[in-house]
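User: I am new to this structure and would be grateful for a close look at a single part, namely its aromatic ring pairs.

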Amino acid sequence: MEREKWGTNIGFILAALGSAIGLGNIWRYSYMVYENGGGAFLIPYWIATLVLGVPLMILEFSMGHRFKASAPKAFASVSRRWEWVGWWAVIFVMYGIVLYYIVIISWVFNYLIASFNLGWGGEPVNFLKQLVGADLDPWKTVFMVRPLTILGLALIWFLNWFIVYRGVEKGIEFANKIIIPLLVVLTLVLVVWSVNLPGAKEGLKFYLKPDWSRLKDLGVWIAAATQIFFSLSLGFGIMIAYASYLPEDAPLITNAFATSLGNGLYSFIAGFAVFSTLGYMAFKQGVPVPEVVEQGFGLAFVAYPKAISLLPFPHIAKVLFALLFFFILFIAGLSSSISIIEAFTSALMDKFKIPRKTSVTALAVTGFVGSLVFATRPGFAWMDIVDHFLNNYGLAVVALLEAIVVGYIFKIVIMLKLKDSRDYFRLVEEFHIGTIWDFLYTLLVPAVMAYLVFSSLTRDVTSVYGNYPLPAVLILGWGWVIATLIAAFVVSSRPWKGKI
Ligand code: TRP
């Protein structure tokens, strides 16, 4: 069967942006900026975008495009021995990251509904507790699942199923052609509205003024690098699958720049809305900006709704403001979550020739059931643990291996197979984009990635992550990483239906 194709190149860019721009750009980005010293974070963030983001984006686009394949098939095309890397990426994102990511979208959905009457009252903390349960104790009340969260989950999995079921052009491209322009317009409205609030200036000063001394802190750089992976959906197997539906003559480099810079720019602009609003809250409560948020993770769910309740507007305008914010988060999250379902589906279609519709249905159903794990009361704590381990090991290791497999192994395999060096250069052309990029992804990117993995590893073996009970960290953190790794080896050992 002929491989599906995007309708237009712009459609592809919008879909790639749809995957990149997500909860990560607003919820995670703002609290990363907040926790890492405001303006100080912006410098490592942009450096990481250019030095890690762009080259890896070019690499992933090239892999998908060159092999016309999902991540596992792209790796298997270099060498069967490396196929597991592709499976591991799609498996841990599908049965790890997305399970809790959709739970967070479900909270957003609940906030969206509550926005109509500002239902969190003056106490968004209670509303969040109602959604996530009061316990940060990972073992307590495991079987208490929140009905409101489940309702949201069912809706979001249904939307995901519906969009991906319709296919690349009619489903994903179509949805993103609506979502991305809408997202940009609504975000600009929110920004213009927010920067005019009293006190906004103080918030923006905190957001934009670099505190150079923080740059000595290695933690800030690591946070920026992990944020870039998560935000650009790199190491997820997603960009490889998306690029596999491009036509022969697609402008890969332009597309990679458009996606990486567009994603950074979106975060940067959305930050104006968030920090102006925090500035307003600081002004209203008479405290300095660095003190208005009690806990970073809760920024979008506690501090922000609280600020909305305090806005100097009539009720109806506050309702609109709240709807705007949570609707933006909702559609941003949706266009990201569909991308991993597509990445997994294309992997199953490539390897086992499972039809799209069967695969999408199976993924949506198992995904829904899996998400229930994080909709339990201790799900909040579990999410934190799984997020830490999958982001630090999964994404980083996959990116490291991508650079090594393509930068070295691919070239060696090809060289051994081909007698004529001209053929070699024709084949590696797509991975050989000028000396600077070659240097970045054969030397700098692997070195930085190896360092990141190594430093996370030393930290995580010497101390228990986040003061959670050890068994929780062993099972949910290490356990999840190892279980998905085993699954990846098992799947990759199965024979291919058809040729690679
Ligand atoms: N890049 C997204 C963000 O910044 C995250 C993301 C993309 C994602 N695709 C995903 C998360 C699939 C989970 C599953 O929010």
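Is Phe 489 buried, partly exposed or exposed, and what is its relative accessible area?

Analyst: The model examined here is predicted. Phe 489 has a relative accessible area of 42%, so this residue is partly exposed, as values between 20% and 50% are classed that way. Its ring pairs with that of Trp 84, and Trp 84 is buried, because its relative accessible area of 15% falls under the 20% cut-off.

This pair belongs to a count of 48 aromatic pairs. The ring centres of Trp 84 and Phe 489 are 4.8 Å apart and their planes meet at 25 degrees; the pair is therefore stacked, since planes under 30 degrees apart are counted so. The two residues link distant parts of the chain: Trp 84 belongs to helix H5 (residues 83-115) and Phe 489 to helix H19 (residues 470-493), with their positions 405 residues apart.

Helix H19 also carries Trp 480, which pairs with Phe 374 in the loop between helix H15 (356-371) and helix H16 (379-417), 106 residues apart. Here the pair is tilted, with 5.7 Å from centre to centre and 40 degrees between the planes. Both Phe 374 and Trp 480 are buried.

Ring pairs also build a cluster, whose members include Trp 107, Tyr 111, Trp 120, Phe 127 and Trp 193. Among its other members are Phe 301, Tyr 304, Phe 313 and Phe 380.

A ring may also face a charge: Arg 28 lies over the face of Phe 230, at 5.1 Å from the ring centre.

Definitions and conventions:
Residues numbered from 1 in each chain as written. Predicted model: local features only at pLDDT ≥ 70, side-chain atom pairs only at ≥ 80, totals over all residues. Heavy atoms only, no water. Phe/Tyr/Trp six-rings, centres within 6.5 Å; stacked < 30°, edge-to-face > 60°. Helix = DSSP H or I, 4+ residues; strand = E, 2+ residues; numbered from the N terminus. Buried < 20%, exposed > 50% of the residue type's maximum accessible area, 1.4 Å probe, protein only. Lys NZ or Arg CZ within 6 Å of the ring centre and 35° of its normal.
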